[in-house]
Amino acid sequence: MVTESLFLALGFAAAAFFIGDGLKNFKSSNGNDFNFKEMFSETTPELIKENQLHYYIGLSKQDARSLIQEYPDIPHITINGQVYYPSAKLREWIKNIGE
């Protein structure tokens, strides 16, 4: 009985720690915390598949499709019928899109 109570207490303490740690940035987040460098980190492949583009540029799938349709000049290549976006050229294109 004592052992069970000890494990239960440790479980509650661990849960409280992890929840508290996760909520640290929750209050201060104002939606402007977008970090462009994190969008294209070292784990970004050189070529991004069209169906994964939304993930790398931080848009919904629907918004990514709209972006592709509205901006046909977005840098891309086609290999065996599959559309790929070179991450370095895409990064520069996004930086200059509003100019």
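1. In this predicted model, Tyr71 is partly exposed, having a relative accessibility of 33%. Its location is the loop between α4 (61-70) and β2 (77-79).

2. Tyr71 forms an aromatic pair with Trp93, with 5.7 Å from centre to centre and 80 degrees between the planes. The geometry is edge-to-face, because the angle is over 60 degrees. Trp93 belongs to helix α5 (residues 87-96), so the pair ties together parts that are 22 residues apart in sequence. Trp93 is buried, with a relative accessible area of 13%, whereas Tyr71 counts as partly exposed.

3. The search of the whole structure yields two aromatic pairs. The pair not yet described joins Tyr55 and Tyr56, whose ring centres are 5.0 Å apart. Their planes stand at 85 degrees, so this pair is edge-to-face. Tyr55 is exposed at a relative accessible area of 61%, while Tyr56 counts as buried at 15% relative accessibility.

4. As to the fold, the protein chain contains five helices and three strands. Read from the N terminus, the order of its elements is α-α-β-α-α-β-β-α.

5. Among contacts in the protein chain with a separation of 6 or more, 53% are accounted for by residues 24 or more positions apart.

6. The protein chain has 99 residues, of which 20% are buried; Trp93 and Tyr56 are examples of buried residues. The exposed area of the protein chain is about 8,000 Å², and 56% of that area is supplied by carbon and sulfur atoms.

Key
Residues are numbered from 1 along each chain as its sequence is written. This is a predicted model: local features need pLDDT of at least 70, side-chain atom pairs count only at pLDDT 80 or more; totals for chains, interfaces and linings use all residues. Side-chain values use heavy atoms; hydrogens and water are left out. Helices (H or I, at least four residues) and strands (E, at least two) are DSSP runs, numbered from the N terminus. Buried means under 20% relative accessible area, exposed over 50%, partly exposed in between (1.4 Å probe, protein chains only). Contact means heavy atoms within 4.5 Å. Accessible areas come from the Shrake-Rupley method with a 1.4 Å probe; for residues, only the protein chains shown count as cover. Rings of Phe, Tyr and Trp (its six-membered ring) pair if their centres lie within 6.5 Å; planes under 30 degrees apart count as stacked, over 60 as edge-to-face and the rest as tilted.
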